[in-house]
Amino acid sequence: MTSSVQERRSGGYLERPAPSGLADVVEMILDKGLVIDAYVRVSLVGIELITIDARIVIASVDTYLRFAEATNRLDLYEHGGKSIDELGGSMVESGARGKTRGLLDGAKDKFHELVGGDDEDEDEEDEYDDQYDDEDEYEGEEDEEEEPEPAPARSSSRRSSNGRGGRR
Amino acid sequence: MTTAVGLGCYVFAIVPAGTALPATDTEGVDGTEGLAAAVTLVEAGELAAVVGRVPTDRPLGRASDLRAHDRVVAALVSAGVAVLPMRFGAVLSDESAVVDELLLPHRAEFVEALATLRGRVQYTVRVVYEQDAVLRQLLAARPDIRQLRETASQDATSQLRLGELVVHALEELRPADASAILSELIGTVDVHVRPPSAPDEVLNAAFLVDVSHAPAFERRVEQAAAQRGGRVRFRLVGPSAAYDFVGDR
């Protein structure tokens, strides 16, 4: 992965990760693909899966606060105006970074802790940082729910094909 | 339930029998202990499963596991093989279970699915708003949001109200932008629009594309992105296996 190339077209309007970033992989292979449980019942091995539930809740308090802050932040650009630090918690810390996307770095760290808890991650994280500033938004949304989720291979939570959204 | 040595049979994908297994790029993958260490074919009739060995005494799902799955499947796609990709985590007790419980009982279905996917790949396009640009647009268009932003105090209730208005306004903005983009990404075999995963996401969609058409599709994506530069950002992943087009059952 150290050889990974991030192809960016002029202006940065199109990203073509090569190879795919870890988050692309996660979204694809945990949530899509042929579900073996639908075909095989007898000889499934109930191996424990550590997976992240990538589903998010759009209509959540966290999301609203995040977008309120992003909206307020436009003030800072335009008028050098009011502080939004009172919103508290991790938002204060990252609010100082001056870019809305920076808000979500904490969530990314968390994501890495879970998915990338092994060997190769120094390189990975750099790559991930570069590619995934924006993706963090959804990885982070249910911070409190992103505990490793030991589940048997046939856990119904992994099988739901309608994937994300709608859970609260 | 498991073999004596505690190994399960990990299924990466289903392919046509006789497929020559390509070398998998295992850089960054877990070496000899990993899923991708000893990939083989288990054949039954005109079908084959691409399988690996996995110890059953440790949880699956580490980054290197996920990457191994992705790499093995991606190598098949790169080699031009028709592939039914499995969702991550498909472990059977042994190879005879793969034949007797997976391949043979569902033979007709898998053969037909492979025929549908032959010569086709998936591209995934994710489009998100440039946050500052879209928020400025909303503020310009919505006096109520503008006013609330000016007058709202910093307490959580006011901020929640502001955020809720903004998120709903984004949701109202999304359909027109999404369908405009979709209408430009034509010439594909099939499209699967995924549910939005963030308020500022415009579109997250998988496209099934004939390989012969892939360059044209990539150009269309590029053009659609270029036209909207500064307002939205595109992310194009692929060509990959058709993960979004095998799960309906």
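Here are some questions and answers on how the labels for this predicted two-chain model are reached.

Q: Why is B:V134 called buried?
A: Buried means under 20% relative accessible area. B:V134 has 1% relative accessibility, so it counts as buried. This valine belongs to helix 4 (residues 131-141) of chain B.

Q: What is B:V134 in contact with, leaving aside its neighbours within four places in sequence?
A: B:V134 then touches B:Y129, B:L170 and B:L173. Contact here means heavy atoms within 4.5 Å. A further distance can be added: the C-alpha atoms of B:V134 and B:R231 are separated by 6.7 Å, though the two residues are 97 apart along the chain.

Q: Why is B:G229 called partly exposed?
A: The label lies between the two cut-offs, under 20% for buried and over 50% for exposed. At 41% relative accessibility, B:G229 falls in between and therefore counts as partly exposed.

Q: Where is B:G229 found, and what separates its C-alpha atom from that of B:Y129?
A: This glycine is in the loop between helix 7 (214-227) and strand 9 (232-240) of chain B. B:G229 and B:Y129 are 100 residues apart along the chain, with 10.0 Å between their C-alpha atoms.

Q: Why is strand 8 (residues 201-210) of chain B called largely enclosed by the rest of the structure?
A: Nine of its ten residues are buried, so strand 8 of chain B earns that description.

Q: How do you know that strand 8 of chain B pairs with strand 6 (residues 120-129) of chain B?
A: Pairing needs at least two bridges between the strands. Strands 6 and 8 of chain B have nine, in the antiparallel sense, so they count as paired. One of the partnerships sets B:V127 against B:L203 in strand 8.

Q: What makes strand 7 (residues 190-193) of chain B a partner of strand 8 of chain B?
A: Four bridges link strands 7 and 8 in the antiparallel sense, against a requirement of at least two, so this is a pair as well. Here B:D190 stands opposite B:L208 in strand 8.

Q: What makes strand 9 of chain B largely enclosed by the rest of the structure?
A: Seven of the nine residues of strand 9 are buried, so the description applies.

Q: How do you know that strand 9 of chain B pairs with strand 6 of chain B?
A: Seven bridges join strands 6 and 9, which run antiparallel. At least two are needed, so the pairing holds. B:V128, for instance, has B:R233 in strand 9 as its bridge partner.

Q: How do you know that strand 9 of chain B pairs with strand 2 (residues 14-18) of chain A?
A: The strands share two bridges in the parallel sense. The rule asks for at least two, so the condition is met. Across the two chains, A:E15 stands opposite B:R235 in strand 9 of chain B.

Q: What makes the peptide bond from B:G238 to B:P239 notable in its omega?
A: This bond is cis, with omega near 5 degrees. B:P239 itself lies in strand 9 of chain B.

Q: Which residues of helix 2 (residues 95-103) of chain B are buried, and what do they pack against?
A: The buried residues are B:A97, B:V98, B:V99, B:E101, B:L102 and B:L103. They pack against strand 1 (7-16), strand 2 (40-44), strand 3 (47-55), strand 5 (91-92) and helix 3 (107-117) of chain B.

Q: How does the radius of gyration of chain B stand against that of a compact globule of 249 residues?
A: Such a globule would have a radius near 18 Å, but chain B has 23 Å. The C-alpha atoms of chain B fill a box of roughly 70 × 45 × 35 Å along the principal axes. Of the 249 residues of chain B, 53% count as buried.

Q: What makes up chain A?
A: Chain A has seven helices and four strands, in the order β-β-α-β-α-α-α-α-α-β-α from the N terminus. Buried residues account for 57% of its 168 residues. Its accessible surface is about 7000 Å², with 49% belonging to carbon and sulfur atoms.

Note on methods
Residues are numbered from 1 along each chain as its sequence is written. Chains are lettered from A and ligands numbered from 1 in the order in which they are written. This is a predicted model: local features need pLDDT of at least 70, side-chain atom pairs count only at pLDDT 80 or more; totals for chains, interfaces and linings use all residues. Side-chain values use heavy atoms; hydrogens and water are left out. The radius of gyration is taken over C-alpha atoms; the globule rule is 2.2 Å times the number of residues to the power 0.38. Buried means under 20% relative accessible area, exposed over 50%, partly exposed in between (1.4 Å probe, protein chains only). Accessible areas come from the Shrake-Rupley method with a 1.4 Å probe; for residues, only the protein chains shown count as cover.
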